[in-house]
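Take a look at the chain below. This report starts with a pocket, then turns to the whole chain and its charged pairs.

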Amino acid sequence: MKLKNPSSSASRTLTSSETRLLVRETLRISANLASAPPQSPVPEKTLVHDSGFGRVSEDQFVDSSLRMICSEEIDGRRWNYFAESSGGRSNGAKKLKKNSIRAVSLNSPKAPVDELMAFIRSYVVPEGFPESVTPSYVPYMTWRALKHFFGGAMGVFTTQTLLSSLGVSRNKSAPGAVAINWILKDGAGRIGKMLFARQGKKFDYDLKQLRFAGDLLVELGAGVELITAAVPHLFLPLACAANVAKNVGAVTSTSTRTPIYKAFARGENIGDVTAKGECVGNVSDLLGTGLSIMIAKRNPSLIATFGLLSCGYVMSSYQEVKSIVLHTLNRARFTVAVETFLKTGQVPTLEEGNSMENIFSFPWKRHRPIVLGQRFKEAFQDPNAYIALKPIFEKEQYIVTYNVSKGNIYALFKNGAKSDDMLKAAFHAHVLLHIIRSNNQNQMSRTNREHDLSAALPIVADPQSHVIESYKMVSALYEPFKNKAKDQGWVMSESLLNPGRARLCELAS
């Protein structure tokens, strides 16, 4: 008969208790884990404020299938560009879906007050203020504003007094009413002058085009004033419109005057050149006024006389602008220089380049088919096209591409692009345009001989091959072009090509 070992029985009893306790704890922990939300890495939330390819709402996150391909900066504001993976692979890398680019803003929205202040600053201070001007600019403009404020206030009373003195009417209320109409007319002109002043740097980039456009507006305003004689009951709206046009023309004349005189001056004599030029203008104006008074006494046909004088004014204005010889390369003169170089191997002289410049390409028209400094989303719809071109321009501070769907050539600048980089990018864009037109000219002439090549670019089957070919040509031709341009007297250090402000930024590693 075996005797039970009490110690072994106690051990078995203790083991069973621990087992039950362990089971209860396991069940409790499992229940807690089941009720808690799953732990997963939370991606950074980003909000899209501006995107032409797809919007990401404020409560959405950037999907893991999106790949960051580019970063862009405009005036201190930054965007990241993402594209969606298609699942396939090309040359070992994931292929990206077409038309899947999303622009993600890294900036919080501005307060309405900040937006209003930025809008006001764009009208009343130069670009880059206060770094772009000297410290004396602020007090000078403050006193100038006060002077014009008091001068405008006095003008109301002086105009009313002059009209009363001229015997407008013996009715006491008539001089006041006429004076108010006259002041409203002048006020509308001042508003037009203020709004047009926002053209800003275009007065430096395209001063010939703006100068001629301003003269045409002055002529248009004079014509509208002439019409008021036929419809006196529409005096106020017609006079306001005429004064707006004439004041806009006055802004262009004043703003382009100094650069033009500077081009004529040799040495530090710009003040003397300006003074003499204004004297000649005033003498001519007095002589023209005297002649018109003599002609008016003979009661000639108003329309015939005005038409004859208008033709002389417009022709003189055109020849005046064409006679200006500037040493800098704006968009129009740069186009002339590059196209002549690609066709003949020579850069035109200063006189030839300025005489061949197109004066009728007004600055407010969009430049086509070459666009400089445009937004990334305008230049690329296919992220794979950008990925393919990026290594080609790795050593450059720009990227040039041909957008088949829009028929435009785009030059995008990187964050470190300088004046010479912009010139080289513009030269590259013209070379690419020359290659595309040359390769398609025969085909286009066979299919549609009357097609205008300057209106839009033809469809290109393989634009990347043309970009690679143009890159090789630019590497060989850009330095000779620069040297020949300098030999002709062109100033290559200043790039007045009026590019956009968008810049591509380096991606953080």
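## The second largest pocket

In this predicted model, 39 residues line the second largest pocket, and V218, G281, S284, D285 and Y313 are the ones nearest its centre. The volume of this pocket is about 1500 Å³.

Which helices each supply at least two residues of the lining? They are α6 (207-227), α7 (235-264), α8 (270-296) and α9 (302-322). Helix α8 gives the most, with 13 residues. The lining of the second largest pocket is mixed in class: 15 residues are nonpolar, 16 are polar and 8 are charged.

## The chain as a whole

The chain has 509 residues, and 33% of them count as buried. It holds 15 helices and 10 strands. Take the contacts with a separation of 6 or more: 69% of them join residues 24 or more positions apart. The accessible surface of the chain is about 31100 Å². Carbon and sulfur atoms account for 59% of that surface.

## Salt bridges

Side chains of opposite charge can pair when their charged atoms come close. How many salt bridges does the structure hold? The count is 8. Three of them are set out here.

| Pair | Closest N to O distance |
|---|---|
| E72 and R375 | 2.6 Å |
| E357 and K208 | 3.2 Å |
| E378 and K406 | 2.6 Å |

Start with E72 and R375, which form a salt bridge with their closest N and O atoms 2.6 Å apart. E72 lies in strand β1 (residues 66-74), and R375 lies in the loop between β6 (370-372) and α12 (376-379), so the pair ties together parts 303 residues apart in sequence. Are these two residues buried or exposed? Both E72 and R375 are buried.

Next come E357 and K208, whose side chains meet in a salt bridge at 3.2 Å, N to O. This pair also links distant parts of the chain. E357 sits in the loop between α11 (350-355) and β6, K208 sits in helix α6, and 149 residues separate them. Buried means under 20% relative accessible area. E357 has 2%, so it is buried. K208 is at 1% relative accessibility and therefore counts as buried. K208 and E357 also belong to a network of salt bridges that includes R333.

The side chains of E378 and K406 meet in a salt bridge at 2.6 Å, N to O. Here again the pair links distant parts of the chain, 28 residues apart. E378 is in helix α12, while K406 is in the loop between β7 (398-403) and β8 (408-414). Partly exposed residues fall between 20% and 50% relative accessible area. E378 counts as partly exposed because its relative accessibility is 28%. K406 counts as partly exposed because its value is 35%.

## A residue beside the network

Where is N354 placed? N354 is in helix α11. Its relative accessibility is 1%, so N354 counts as buried. What does N354 contact, leaving aside its neighbours within four places in sequence? The list is K208, K322, I324, V325, L326, R333 and W490. K208 and R333 appear in that list, and both are part of the salt-bridge network with E357.

Technical notes. Residues numbered from 1 in each chain as written. Predicted model: local features only at pLDDT ≥ 70, side-chain atom pairs only at ≥ 80, totals over all residues. Heavy atoms only, no water. 1 Å grid on protein atoms, 1.4 Å probe; cavity = no way out; pocket = protein on both sides within 12 Å on 5 of 7 lines; lining within 4 Å. Points joined across faces, edges and corners; volume = space filled by probe spheres on them. Helix = DSSP H or I, 4+ residues; strand = E, 2+ residues; numbered from the N terminus. Nonpolar A, V, L, I, M, F, W, Y, C, P; charged D, E, K, R; others polar. Buried < 20%, exposed > 50% of the residue type's maximum accessible area, 1.4 Å probe, protein only. Contact = heavy atoms within 4.5 Å. Areas by Shrake-Rupley, 256 points an atom, 1.4 Å probe, with all protein chains shown as cover. Salt bridge = Lys/Arg side-chain N within 4 Å of Asp/Glu carboxyl O.
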